[in-house]
Amino acid sequence: MNLPFLDLKAAYLELQSEIDAAIKRVLESGWYILGEEVEAFEQEYAAYCEAKHCVGVANGLDALHLALLAMEVGAGDEVIVPSNTYIATWLAVSQCGATPIPVEPDAVTYNIDPARIEAAITPRTKVILPVHLYGQPADMDLIFTIARKHGLKVLEDGAQAHGARYKGKRLGAHGNVVAWSFYPGKNLGAYGDGGAITTDDQVIADRIRVLRNYGSRVKYVNDVRGFNSRLDTLQAAILRVKLQHLDRWNDARRKIAAQYLVGLAGIGLTIPFVPDWAEPVWHLFVVRSKAREQFQRQLNKAGIGTLIHYPIPPHLQGAYADLGFGKGAFPIAEKIHGEVLSLPMFPGMTLEQTNHVIVACREAQVVAE
C-alpha cells in the first residue's frame with residue numbers, strides 16, 4: 001500500500017460539485033478583486049473564529065506582516081518569536097524593519113515556553129508572537145499575563161490551527177490579533193495562496209484593510225503607503241465552501257491522531273503530548289526519532305510519504321546569519337528540528353491506511369534502532 005503524505009485531490013473530489021459551482025458563480029459575476037465573495041467569507045470566518053472582524057489578505061506571511069504594521073511595529077523594535085517555527089514568522093518581523101528575538105520552546109509541546117519569555121523582554125520589545133505549532137494551541141493565558149505586565153501586544157500565528165480551541169474557546173480573538181494562512185495544505189486550504197487576520201480590535205482591522213489595498217479607503221485616494229495584498233475572490237468563494245466542512249474534517253484528523261497515539265506508544269518514538277486545556281486540530285502529526293534519516297528511509301521503502309517540519313531552525317538559516325546565532329545558540333530548537341518527522345495526516349485517511357502507517361513505523365523503528 002502506497003500512501004502519500006497528503007492527498008489534496010481527494011478533498012477536491014469530495015466537494016467537486018460545490019466548489020465548481022462556487023468558481024462558476026465568481027466567473028459569471030464579473031467581479032474578481034475583493035467584492036461580495038470576500039466580504040461574505042470574512043463575515044463567515046470571523047463568526048467561526050468567534051471574532052468581531054476578519055480581513056482577508058494575499059497569504060499568511062502578509063497576514064503576519066500587515067498585522068505587525070497595524071500594531072505599529074517598525075525599525076528599532078523587537079518582537080519575541082519562537083526559536084522553532086517556519087521562517088515566515090521571523091520574516092514578517094524583518095519586513096517591518098524590526099528584529100526577531102527567539103525564545104526556546106517547551107520541549108514537550110514544541111510551542112514557545114512562557115517561562116522563558118520575560119528574560120527576552122527589553123525596552124525595545126513591542127509584540128509577543130507565539131505560534132500554534134502543528135495545530136496545537138500555545139499556552140496563551142501565561143503569555144497574556146506577561147504581555148499585560150509589560151504593556152506588550154500579542155499577535156498569534158494560527159497558520160496551522162484553524163478551528164483549534166484553547167480552554168474551550170476557539171482561537172481567533174483571545175488576544176490582539178490572530179494571523180491565518182490558507183495555503184493549500186492547511187486544514188482550511190485554498191487552491192492557491194491566501195491569508196487573513198481575525199481580531200476584536202476594530203482599529204487594527206481598519207488599518208489592515210487600508211494597508212492591504214495600496215493604503216486606500218477610497219479608490220485613487222491613498223492615505224498611507226500600502227501594499228497590494230488582497231484575498232483573491234475565487235479563493236474566497238472556495239474557502240466559503242470548505243469552511244462548512246472544516247469541523248468535520250478536523251474531527252476526522254482527531255480520530256486519526258487518536259489511532260496514532262495508541263498504535264505508536266511504547267516503540268521508542270517521541271509522540272505528541274496534548275495538555276488537558278488544549279484541543280488541537282492536528283494539522284500535522286509529528287513524531288521524533290533519534291535516527292530520523294534511517295527511520296524516514298524505511299518508511300519511504302514501505303510506501304509511506306513523510307515530510308520534515310522543519311529541517312533547519314530559522315536562526316541557522318542563511319537569511320538570518322547577520323543575527324550572529326551559531327549552532328548551539330538554541331539547543332532545544334536544534335534538537336527538535338534534528339529529530340521531527342511528520343506522518344501522513346489528512347481527513348480522507350482510512351482506518352486501514354492509518355494502521356498501515358503504524359505497522360510500518362513499528363518495523364522502521366526496529367531497523368532504525
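## A walk from the helix pair to the sheet

Let's start with two helices: the axes of α3 (residues 36-48) and α9 (residues 233-243) come within 8 Å and cross at roughly 35°. Axes here are lines fitted to C-alpha atoms, for helices over the stretch in contact, with angles running from 0 to 180 degrees between N-to-C directions. Helices (H or I, at least four residues) and strands (E, at least two) are DSSP runs, numbered from the N terminus. Keep in mind that this is a predicted model, where local features need pLDDT of at least 70 and side-chain atom pairs count only at pLDDT 80 or more, while totals for chains, interfaces and linings use all residues. Residues are numbered from 1 along each chain as its sequence is written, and side-chain values use heavy atoms, leaving out hydrogens and water.

The α3 and α9 crossing is left-handed, meaning that the near helix is turned anticlockwise from the far one by less than a right angle. On the α3 side, the contact (heavy atoms within 4.5 Å) is made by Glu37, Val38, Ala40, Phe41, Glu44, Tyr45 and Tyr48, and on the α9 side by Thr233, Ala236, Ala237, Leu239, Arg240 and Leu243.

Staying with α9, nine of its eleven residues are buried, so this helix is largely enclosed by the rest of the structure. Buried means under 20% relative accessible area, exposed over 50%, and partly exposed in between (1.4 Å probe, protein chains only). Among the buried ones are Gln235, Ile238, Val241 and Lys242. The cover over the buried residues of α9 includes α2 (16-29), α3 and α10 (246-263). At the start of α9, a side-chain oxygen of aspartate 232 comes to within 2.9 Å of the backbone nitrogen of leucine 234.

Just ahead of α3, have a look at leucine 34, in the loop between α2 and α3. Its phi is near 50°, a positive value in a residue other than glycine, and leucine 34 is buried at 18% relative accessible area. Tyrosine 110 is another non-glycine with positive phi, about 75°. You'll find tyrosine 110 in the loop between β3 and α6 (114-117), buried at 4% relative accessibility. For a backbone oddity of another kind, go to the peptide bond from histidine 309 to tyrosine 310, which is cis with omega near 15°. Tyrosine 310 sits in the loop between α11 (292-301) and α12 (331-339).

Now for the sheet. It is open, with seven strands in the order β1-β9-β8-β5-β4-β2-β3 and mixed pairing; two strands pair if DSSP finds at least two bridges between them. The edges are β1 (53-57) and β3 (99-103), each pairing on one side only. Neighbouring strands are turned by 30° against each other on average, direction ignored.

At the β1 edge, five bridges join β1 to β9 in an antiparallel run, and valine 57 has glycine 195 of β9 as its bridge partner. All five residues of β1 are buried: His53, Val55 and Val57 point one way, and Cys54 and Gly56 the other. Further in, β4 (residues 125-128) and β5 (residues 153-157) pair in the parallel sense over two bridges, with valine 154 in β5 as the bridge partner of isoleucine 128.

Two helices go with this sheet. Helix α4 (residues 60-70) lies across β1, β2 (78-82), β4, β5, β8 (177-181) and β9 (195-199), running at about 160° to β8. Helix α8 (residues 202-211) packs on the sheet too, touching β1, β8 and β9, and its direction makes about 20° with that of β1.

Technical notes
Polar contact = N/O pair within 3.5 Å; in protein donor to acceptor, adjacent residues only side chain to side chain.
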